Amino acid sequence: MPVIINTHQDFSDIKALLGGGDANKNKVNVISVQEQFKRPKTTMISAISKDGFIAKDANDKLRWVPKEDQLWFRKKTIEIGHLIIGKKTFDILPKKALEHRTYWVYTRKIDKGHVAVLDENIYLVNMEPAEFLQYLGKKGTKHVAIVGGKAIYDLFLHSASLGRNNQKTGLIDEIYLSIVNHTLQTGIKFDLDFVQKHFIEVKSKDVADSESRDLGKFEWGERVKYVRK
Ligand SMILES: NC(=O)c1ccc[n+]([C@@H]2O[C@H](COP(=O)([O-])OP(=O)(O)OC[C@H]3O[C@@H](n4cnc5c(N)ncnc54)[C@H](OP(=O)(O)O)[C@@H]3O)[C@@H](O)[C@H]2O)c1
């Protein structure tokens, strides 16, 4: 059983605990609290119309999102492995989207502060985002994708990180935005202003579907990657 110590490297103050002698010579696994509670990396993924909407309405099955972007989404989310999703979006997902991934479905239908098992790879969650990411970190989860819808994007974009004086710094490390060459004119808006204020666009190979494509370009639009400023 490791001894967990959140302290400086001077072991003299724990000599008593170890029964005296040179503490450095005793076999002690020192794990910093910060390391133990490290939250997973967070990647937000969304497709938006040219005029900035993520959906026509809450029941939109996203048929305007091109097939090649859906395939990229599948590949990327299988690679990440864990998806955080709102109950409304989960309910309209095609069954095939459930394969090879673990879903953490946000809902208020279970008690606050709890996680419930729905199926082998599907869990229900009702926790503060920062608290939930710590929970996943403790379980050893290294990476999660936040895949919408609107309520869940906003929740994770605007939530406070734990231990940072409750500042609303958000909990998203990077964002992939597929800008689809299609106008919806009305619907549910993505908070692009917030993203452009707090994130910066970066050039990255992993926005492309294949090596042969121009960075980020696909037949129906363009994919952009943002990281925190
Ligand atoms: N373009 C894209 O890339 C993209 C991606 C995903 C989704 N979408 C679209 O987004 C639309 C749905 O978005 P939406 O905002 O209506 O729904 P949503 O975010 O998918 O789900 C909302 C539900 O999540 C739960 N929830 C929300 N906030 C919560 C909190 N703080 N704690 C616990 N549970 C919480 C509630 O479930 P309960 O009601 O069960 O309590 C709420 O009804 C759909 O049209 C979908 O197609 C677009």
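# A walk through a predicted protein model

With 8 C-beta neighbours inside 10 Å, Gln 185 counts as exposed. You can find Gln 185 in the loop between β8 and β9 (188–189). Its backbone has a twist to look at as well: the phi of Gln 185 is near 70°, a positive value in a residue other than glycine. Why does a positive value catch the eye? Because most residues other than glycine have a negative phi.

Before we go further, please keep in mind that this model is predicted. The protein chain averages a pLDDT of 85, and 79% of the residues score at least 70. Take care at the start of the chain, where pLDDT stays under 50 over residues 1–9. For that stretch, the model has 12 contacts beyond four places in sequence.

Now step back to the whole chain. The protein chain has six helices and 12 strands. Of its 229 residues, 29% count as buried. Among the contacts with a separation of 6 or more, 64% come from residues 24 or more positions apart.

Let us follow some strands, beginning with β1 (41–49). How many of the nine residues of β1 are buried? Eight of them are, so β1 is largely enclosed by the rest of the structure. Strand β1 pairs with strand β7 (residues 143–146) in the parallel sense, over four bridges. If you want a place to look, Thr 43 stands opposite Ala 145 in β7. Strand β1 also runs parallel to strand β8 (residues 174–180), and seven bridges join these two. Here Ala 47 stands opposite Ser 178 in β8.

Next comes β4 (residues 102–106), where four of the five residues are buried, so this strand is largely enclosed by the rest of the structure. Which strands pair with β4? Strand β3 (residues 82–86) pairs with β4 in the parallel sense over five bridges, and Gly 86 stands opposite Tyr 106 in β4. To get from β3 to β4, the chain crosses through α3, and this β-α-β crossover is right-handed. Strand β6 (residues 122–126) runs parallel to β4 too, with four bridges joining them. In this pairing, Val 105 stands opposite Leu 124 in β6.

On the way from α3 to β4, pause at Ala 97, which is found in the loop between the two. Ala 97 is partly exposed, with 18 other C-beta atoms within 10 Å. Compare its place with that of Arg 74: the two residues are 23 residues apart along the chain, and their C-alpha atoms are separated by 7.4 Å.

With the strands in view, turn to the ligand. Of the 25 residues around the ligand, Ala 55, Gly 86, Thr 89, Gly 148 and Gly 149 come nearest. You have already met Gly 86, which stands opposite Tyr 106. Which elements each supply at least two residues of the shell around the ligand? They are β1 (41–49), β2 (53–55), α3 (87–92) and α5 (150–158). Sorted by kind, the residues of the shell divide into 12 nonpolar, seven polar and six charged.

Two of the residues that come nearest to the ligand, Gly 148 and Gly 149, are also worth a look for their backbone. The peptide bond from Gly 148 to Gly 149 is cis, with omega near 0°. In general, most peptide bonds are trans. Gly 149 is found in the loop between β7 and α5.

Both of these glycines also lead us to Ile 54, whose place is in strand β2. Is Ile 54 buried or exposed? It is buried, with 23 other C-beta atoms within 10 Å. Leaving aside its neighbours within four places in sequence, Ile 54 is in contact with Ser 46, Ile 48, Gly 148, Gly 149, Lys 150, Ile 188 and Phe 190. Take Ile 188 from that list: Ile 54 and Ile 188 are 134 residues apart in sequence and 5.7 Å apart in space, C-alpha to C-alpha.

Our last stop is Leu 62, in the loop between β2 and α2 (67–80). Leu 62 has a positive phi of about 60° although it is not a glycine. With 19 C-beta neighbours inside 10 Å, Leu 62 counts as partly exposed, whereas Gln 185, where we began, counts as exposed with 8.

Note on methods: Residues numbered from 1 in each chain as written. Predicted model: local features only at pLDDT ≥ 70, side-chain atom pairs only at ≥ 80, totals over all residues. pLDDT = per-residue confidence, 0-100. Contact = placed C-beta atoms within 7 Å. Near = placed C-beta within 6 Å. Nonpolar A, V, L, I, M, F, W, Y, C, P; charged D, E, K, R; others polar. Buried ≥ 20, exposed ≤ 12 C-beta atoms within 10 Å, placed from the backbone. Pairing = 2+ DSSP bridges. Right-handed = clockwise from strand over helix to strand, strands pointing away.
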